[in-house]
Amino acid sequence: MTTALITGSTSGIGSAFARRLGADGHSLVLVARDTTRLREQATELHDRHGVEVEVLTADLATDAGIDTVAARLGDRTHPVDLLVNNAGFGNKGRYLDVAMADELRMIKVHCEAVLRLTSAAAEAMRERGRGGVVNVASVAAFVPRGTYGASKAWIVQFTQGAAKDLAGSGVRLMALCPGFTRTEFHQRAGMGTDSIPGWMWLDADKVVAAALADLARGKSLSIPDPRYKTLMGLARLTPRTLLGTITSRTGRRYGPR
């Protein structure tokens, strides 16, 4: 059976990936900062699906954490066939209201870790002639909304560019761009969500199902819901200056508080 490594596996979309891939019979390598939660998750998935589950405690905001996961991805004797770069977080507050240390930590996790882990995985996968990488971004990548959106835009551009460079190698890369998804994301960031309309919320399990289907089709970009596909299509047609004004106002009205 194939092995999937998932960062940020203990909650949200990462947890949904772990459930789905475990149910499909994949061996799992679960990565997060909380060892206790990792072990609990591993036990549950092993008992429920009978799959092998390895846990790897790592903080991807540190060089040591990234090095640990990169080394596991580069292990040729225990190869990883699917990497899901899901670890990430949001900062509460507008630009200049957020401490620079927190902004840099976000860039470390969303950009540097994604680059280094994707590279470690893809190199080993290219040698074997097969494998896949899903880099979890966001629809925020397509609108001008601060450091979070900028870091997710980097993930999209990097992933699609790398996917073209690896075309024909047997290695598939895809950026996953969900909209608002019911997870612990906003709670962890201290953001309220009461102002977000109900129709904008997605289910994490359905997001994962759509993502895996798109990966199997060879797509390099997945927006896993018709509502958000429509919204992002309209965003592409809107002049950037006007789009910035609209998203700023919409963020103040509907965004997390």
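## Parallel strands and a salt-bridge network

Strands β1 (residues 3-7) and β2 run parallel, joined by 5 bridges. This is a predicted model, so treat what follows as a reading of that prediction. Two topics are worth a look here: the strands around β2, and the charged pairs, of which a search of the whole structure turns up 13 salt bridges.

**Strand β2 and its neighbours**

- On the β1 side, A4 has L28 of β2 as its bridge partner.
- Helix α1 (residues 12-23) completes the picture there: β1, α1 and β2 form a β-α-β unit, and it's right-handed.
- β2 also pairs with strand β3 (residues 53-57), again through 5 bridges and in a parallel arrangement.
- Across that pairing, A32 sits opposite T57 of β3.
- To get from β2 to β3, the chain goes through helix α2 (residues 35-49), in a right-handed β-α-β crossover.

**Burial of β2**

- β2 covers residues 27-32, and 6 of its 6 residues are buried, so the strand is largely enclosed by the rest of the structure.
- S27, V29 and V31 point one way from the strand, while L28, L30 and A32 point the other way.
- Both sets are buried, which means L28, the partner of A4, and A32, the residue opposite T57, each fall under the 20% cut-off for relative accessible area.

**Salt bridges along helix α4**

- In general, side chains of opposite charge can pair when their charged atoms come close.
- E112 makes a salt bridge with K108, at 3.1 Å from N to O.
- These two are 4 residues apart in helix α4 (residues 100-128), so about one helical turn separates them.
- E112 also meets R116 in a salt bridge, this one at 3.2 Å from N to O.
- Here too the spacing is 4 residues within α4, so E112 and R116 are about one helical turn apart.
- As for exposure, K108 counts as buried because its relative accessibility is 17%, which is under 20%.
- E112, at 28%, is partly exposed, and so is R116, at 26%.
- The linkage goes beyond the helix pairs just described: D63, D67, K108, E112 and R116 are connected in a network of salt bridges.

**The R20 and D24 pair**

- R20 and D24 form a salt bridge, with 2.8 Å between the closest N and O atoms.
- D24 is partly exposed, at 40% relative accessibility.
- R20 is partly exposed as well, with a relative accessible area of 33%.

Key:
Residues are numbered from 1 along each chain as its sequence is written. This is a predicted model: local features need pLDDT of at least 70, side-chain atom pairs count only at pLDDT 80 or more; totals for chains, interfaces and linings use all residues. Side-chain values use heavy atoms; hydrogens and water are left out. A salt bridge is a side-chain nitrogen of Lys or Arg within 4 Å of a carboxyl oxygen of Asp or Glu. Buried means under 20% relative accessible area, exposed over 50%, partly exposed in between (1.4 Å probe, protein chains only). Two strands pair if DSSP finds at least two bridges between them. A crossover is right-handed if, with the strands pointing away from the viewer, the path from the first strand over the helix to the second runs clockwise.
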